[in-house]
Amino acid sequence: MKLLYFAWLKTKTGIAEEEITPPPGVTDVASLLAWLKGRGPGFAAALADLSAVRVAVNQDYARPGDKVRPGDEIALFPPVTGGRA
Amino acid sequence: MIRVQREDFDPGRELEALTAGNTRIGGVVSFVGVVRDFAGERPLDAMTLEHYPGMTEKQLGQIEREAMARWPLEACLIVHRFGRLSLGDRIVLVMVASSHRDAAFDACRFLVDWLKTKAPFWKFEEGPQGSRWVEAQASDDAAAARWAKR
């Protein structure tokens with residue numbers, strides 16, 4: 001499973017991209033985030049407020065109950081801020 | 001048509017390319033987003049737009065297809081830049097051509113409102129008071145929600 005981090009999620013975790021194999025209990029977005037939180041202080045800080053975190057699975061916006069599978073591309077990022085004009 | 005690029009674009013040339021050879025077009029509406037010198041209360045010197053290559057194109061493509069399905073459009077173009085941008089630099093171009101002006105105005109506004117909430121871009125602002133990642137605004141969601149189908 002490929003994980004991507006953008007904007008301040010990249011800054012706080014110190015990672016832009018990584019290949020991971022989560023434990024078998026990780027089956028959806030919510031359980032993936034819960035597992036990631038426990039990987040270290042950077043992850044705990046980045047994922048402290050999940051209301052400020054958006055997740056995409058294979059480049060589409062995902063919800064907490066959406067399934068994640070080996071081979072998926074999962075991205076974590078803040079709400080988008082493309083413009084304010 | 002969707003383009004995501006670091007380079008600047010020329011709105012005049014894009015207009016000519018978009019309308020060339022299509023005499024059904026009766027009007028073109030375009031929006032050009034530009035870097036301004038303030039963000040809320042803070043003065044701004046420059047900003048860097050980060051994006052998610054691949055997902056950006058996918059999301060913009062979906063938004064464009066939605067606009068083509070809702071309005072009778074003859075042509076449509078979205079060009080979005082990424083990277084470091086200075087004051088006055090162009091950021092985004094949305095251009096919509098239709099036989100009649102109403103469809104072109106409405107579709108252009110729809111595309112701009114939606115791309116601001118769907119396209120995975122994040123702003124990193126630089127100013128005399130320091131640098132920071134910009135937080136999303138509820139007003140952007142509200143602007144996009146106006147277009148939600150009832």
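Me: At roughly what angle do the axes of helices α2 and α3 of chain B cross?
Reply: This is a predicted model, in which local features need pLDDT of at least 70 and side-chain atom pairs count only at pLDDT 80 or more, while totals for chains, interfaces and linings use all residues. Residues are numbered from 1 along each chain as its sequence is written, with chains lettered from A and ligands numbered from 1 in the order in which they are written. Helices (H or I, at least four residues) and strands (E, at least two) are DSSP runs numbered from the N terminus; axes are lines fitted to C-alpha atoms, for helices over the stretch in contact, with angles from 0 to 180 degrees between N-to-C directions. The axes of α2 (residues 55-70) and α3 (residues 101-118) of chain B come within 10 Å, and their crossing angle is roughly 155°.

Me: How is the direction of α2(B) related to that of α3(B)?
Reply: Angles under 35 degrees count as roughly parallel, over 145 as roughly antiparallel, 65 to 115 as roughly perpendicular and the rest as oblique. The crossing angle of α2 and α3 of chain B is roughly 155°. The two helices, α2(B) and α3(B), are therefore roughly antiparallel.

Me: How do the residues of the contact of α2(B) with α3(B) divide by character?
Reply: Residues are in contact if their C-beta atoms, placed from the backbone, lie within 7 Å. Gln59(B), Leu60(B), Ile63(B) and Ala67(B) of α2(B) meet Ala107(B), Phe110(B), Leu111(B), Trp114(B), Leu115(B) and Lys118(B) of α3(B). With Ala, Val, Leu, Ile, Met, Phe, Trp, Tyr, Cys and Pro counted as nonpolar, Asp, Glu, Lys and Arg as charged, and the others, Gly among them, as polar, the division is eight nonpolar, one polar and one charged.

Me: Which strands stand at the edges of the sheet β1-β6-β8-β2 of chain B?
Reply: Two strands pair if DSSP finds at least two bridges between them. This open sheet of four strands has mixed pairing. Each edge strand has a single partner, so one side of each is left without a neighbour in the sheet; these strands are β1 (2-5) and β2 (27-34) of chain B.

Me: Which residue of β6(B) stands opposite Arg3(B)?
Reply: β1(B) pairs with strand β6 (residues 73-81) of chain B in the parallel sense over four bridges. In β6(B), the residue opposite Arg3(B) is Val79(B).

Me: What angle does the direction of α3(B) make with that of β8(B)?
Reply: Helix α1 (residues 11-19) of chain B packs on the sheet and touches β2, β6 and β8 (90-98) of chain B, at about 30° to β8(B). α3(B) also packs on the sheet, touching β2, β6 and β8 of chain B, and its angle to β8(B) is about 150°.

Me: What are the edge strands of the sheet β7-β5-β9-β10 of chain B?
Reply: The pairing in this open sheet of four strands is antiparallel. β5 (residues 46-51) and β9 (residues 121-127) of chain B pair over six bridges, and a hairpin of two residues joins β9(B) to β10(B). The strands that pair on one side only are β7 (83-86) and β10 of chain B.

Me: How many residues does each chain give to the contact, and how does the side of chain A divide?
Reply: Chain A gives 15 residues and chain B gives 21 residues. On the side of chain A, the elements that give two or more residues are α1 (7-13) and β5 (73-77) of chain A. The residues of that side are 10 nonpolar, four polar and one charged.

Terms used:
Two residues are in contact if their C-beta atoms, placed from the backbone, lie within 7 Å.
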